[in-house]
Amino acid sequence: MPQPAAGATVDDGLDELRAEAMEWGRKPRGLGSLYVTEHMVRAMRAYGWTIIVGALGQPVLYLLGLAVGLAALIDAPIDVGGEQVPYLVFVAPALLMTSAIAVASEEFTYPVMAGFKWRRYFYGFNASPLSSGQIANGVVAGAGARMGVTVVLYFVFIVLFFAWLQPDATRPGTAWMAIFIGLLAGLSFGIPLMAYAASIEDDKGQFALVQRFIFMPMFLFSGTFYPLATLPLWLQWIGWISPLWHATELGRVVTYGQPTPPIMIVVHVVYLLTLAIGGLVIGRRLFEKRLAK
Amino acid sequence: MSAATTTDAPTRVGGVRALWAGNPQSVVQRGLIAARSSSWIVVLSGFFEPVFYLASMGIGLGSIIGDVQTSSGVEVSYAAFIAPALLAVSAMNGAIYDSTWNVFFKLNYGKLYEGMLATSLGPLDVALGEILYALLRGLLYATGFMIIMQILGLNLAWTAILAIPAVLLIAFGFASLGMAVTSYMKTFQHMDWINFVLLPMFLFSATLYPISVYPEWIQHIIMAFPLWHGVELVRGLTTGILSPEMWWHVVYFVVMIAIGLVFTTKRLRALFLD
C-alpha cells in the first residue's frame, strides 16, 4: 500500500478523516446486531410464502393427521405421573416445540454456510463497522424472528383446535408461556448448530446427516408421541440429552399442568439455557476466527 | 461419439426412433460412477429413516396401542402393521427425492441432460436411465429394511419376499411422475411444494393407523392417492393376507408408470429437442 509522504499537514488530514470515519462507524457499531437481523429477515422475504404456508400447514396436517388419527386408535387417556390426559392434549405441546426446532434446523444451517462460503455476505458485513460477534447475534435474532412467527401461529391454531375439541383440558392462564418455551427450544437446538455450521469448510452433506441422525431421532425418541418412560431404558437417554424432550416437558407443564417436581422444571430450563448460551459463546468465537481469516 | 451423432441425426424424424436409442444403461452407469465420488454416508443414511420410525413407533406406540386390525379384518401387532407402510413410504420418499431434487439440479445447474441429449441418447433413454438408477438405490434400502423386518419377526408370511418387487413398482411409479413434474420447476422455492403433497399423503394413507378411523367420504379421497395403494399392496404381502383385489393396486401403479413415462419423455423433448 503506498504510504503518503510523512508531513505534518497530511497527518492532520488523516487524523481528521479517521475521526470522521469513527464517528460514522459509531452508530452501526452500536446497533450492529440489529442491522444484521434486518438483513436476515429481509432475505427471508424471498421465500415468505413458503414460511407462512409451512407455518400454517404443518400444524393443521400434523394435528389432524397424526394426533386425531392416532387418538382414534388410542382411546384410553395417556397416563403420565398418575394423571390422565387425553391423547391430543398430550401431543400438542410436543408438536409445537418440534415446529420451532424444525425452523432452527433450516435457518441455522444452509444460510450460515451461504454467509461464509457461497454468497459470502458475512465478509461483506465484516468489512463495515459490524463486528463478528454482532453478525452471529444477528443470525440468531433473524432466525428467532422466523421461529416466533411459526410458534405463534402454531399456538393460535392449537388454542382454536382445543376450543373446538377439548375445551376444559388446557390452562389458559399459563398456556401462553409455551410460545416462549418454543422459542427457547428452537434456540437451544439451533445456536449450537450455527456454531457447527460456522466450522464447516466444505459441504459434504453434513446437514443431511444432521437431519437424519440428530433431528429425526430426536423427534422420534423424545417422548413426542408417547411418554418417554414407555421406551426401554437403552433408548431413553436420547430423550434426556435432546432439547426437544426438555422443552416438551416444560410445554406440558404450562399447557395442561403435567405434574412435575419443581427441581425438574429448573433442570429443563437450565439445560436449554446452557445449550443456547454455550452455543452462542462458541459460535461467536468461531465467527470471529473465520471472519479474521 | 460425435460420429455417432451425425449418423443418427437424420433418422430422428419421428416415432419412437426419435426418442429412444435403446441405451438407458449408459445413463445408469454414469449415475453409478458419479455416486462413487459423492459421500457414501449420505447415501447410506437414507436407509435409517424408516428404521428409526419403526423403532420409535413400533416400540413406543406399539406398547400403548397393542394390536391393530388391517383392512382385511385381521389383527396384527402394531409394529407389523406399520412396518410395511414405512417400507412403502420410504420407497416413495426415495424415488421422489431422486427424481426431483437430483433431477432439478442436473436439469437447471449441472446442465447434464443437454450434454446427454447431444449424444445419440434420446429423451426416453435419459428418463428411463435416471429412473432405473433411482430404483437401484431403492432396491438397496428395501432389501436392508426387509432383513430387519425378518429379524424382528415382522414378516408374517413367505409372500413378504414379493414386497421387494412391489416396492420397486411403487418407486417406479413415483419416480416417473416426479421427474415430469420437476421439469416444470424453475426455482428452489417451488421444490418445497413437493413436501406439501408428500407430507399429508404420508400422514393420512393408512400408514400409522387404519383409514377406518375416517368418515367414508374421506376414505374415498385417500384411496385415490397412490401411496394408499402402495401401503395396502406391501401390507398384504408382508402379512400374507392376500386377496384378488390387490391386483388393482398393481394396475394403479402400472398406469401411473405409463403416464409418467410418456409425460416425462414429452417434457424432456420439449425442453431440449424441439
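Eleven salt bridges are present over all chains of the structure, a salt bridge being a side-chain nitrogen of Lys or Arg within 4 Å of a carboxyl oxygen of Asp or Glu. The structure is a predicted model, in which local features need pLDDT of at least 70 and side-chain atom pairs count only at pLDDT 80 or more, whereas totals for chains, interfaces and linings use all residues. Residues are numbered from 1 along each chain as its sequence is written, chains are lettered from A and ligands numbered from 1 in the order in which they are written, and side-chain values use heavy atoms, with hydrogens and water left out.

One of these salt bridges joins A:Arg146 to A:Glu107, with 2.7 Å between the closest N and O atoms. Because A:Arg146 belongs to helix H6 (residues 132–165) of chain A and A:Glu107 to helix H3 (residues 87–107) of chain A, the pair ties together parts that are 39 residues apart in sequence. Helices are DSSP runs (H or I, at least four residues), numbered from the N terminus. A:Arg146 counts as buried at 10% relative accessibility, and A:Glu107 counts as buried at 5%; the term buried denotes under 20% relative accessible area, exposed over 50%, and partly exposed in between (1.4 Å probe, protein chains only). A:Glu106 also enters the picture, as A:Glu106, A:Glu107 and A:Arg146 are linked in a network of salt bridges.

A further salt bridge is formed by the side chains of A:Asp202 and A:Lys117, at 3.4 Å from N to O. This pair links distant parts of the chain, 85 residues apart: A:Asp202 is in the loop between helix H8 (177–199) and helix H9 (206–220) of chain A, and A:Lys117 is in helix H4 (residues 110–118) of chain A. A:Asp202 is partly exposed, at 43% relative accessibility, and A:Lys117 is partly exposed, at 29%.

Within a single helix, the side chains of A:Arg252 and A:Glu249 meet in a salt bridge of 3.7 Å, N to O. Both residues lie in helix H11 (residues 243–256) of chain A, separated by three residues, about one turn of the helix. A:Arg252 is buried, its relative accessible area being 1%; A:Glu249 is likewise buried, at 14%.

Helix H9(A) comprises 15 residues and reaches 20 Å from its first C-alpha to its last, close to the 21 Å expected at 1.5 Å a residue; the expected span is 1.5 Å times one less than the number of residues. Buried residues in H9(A) include A:Gln206, A:Phe207, A:Val210, A:Phe215 and A:Leu220.

Notes
Helices (H or I, at least four residues) and strands (E, at least two) are DSSP runs, numbered from the N terminus.
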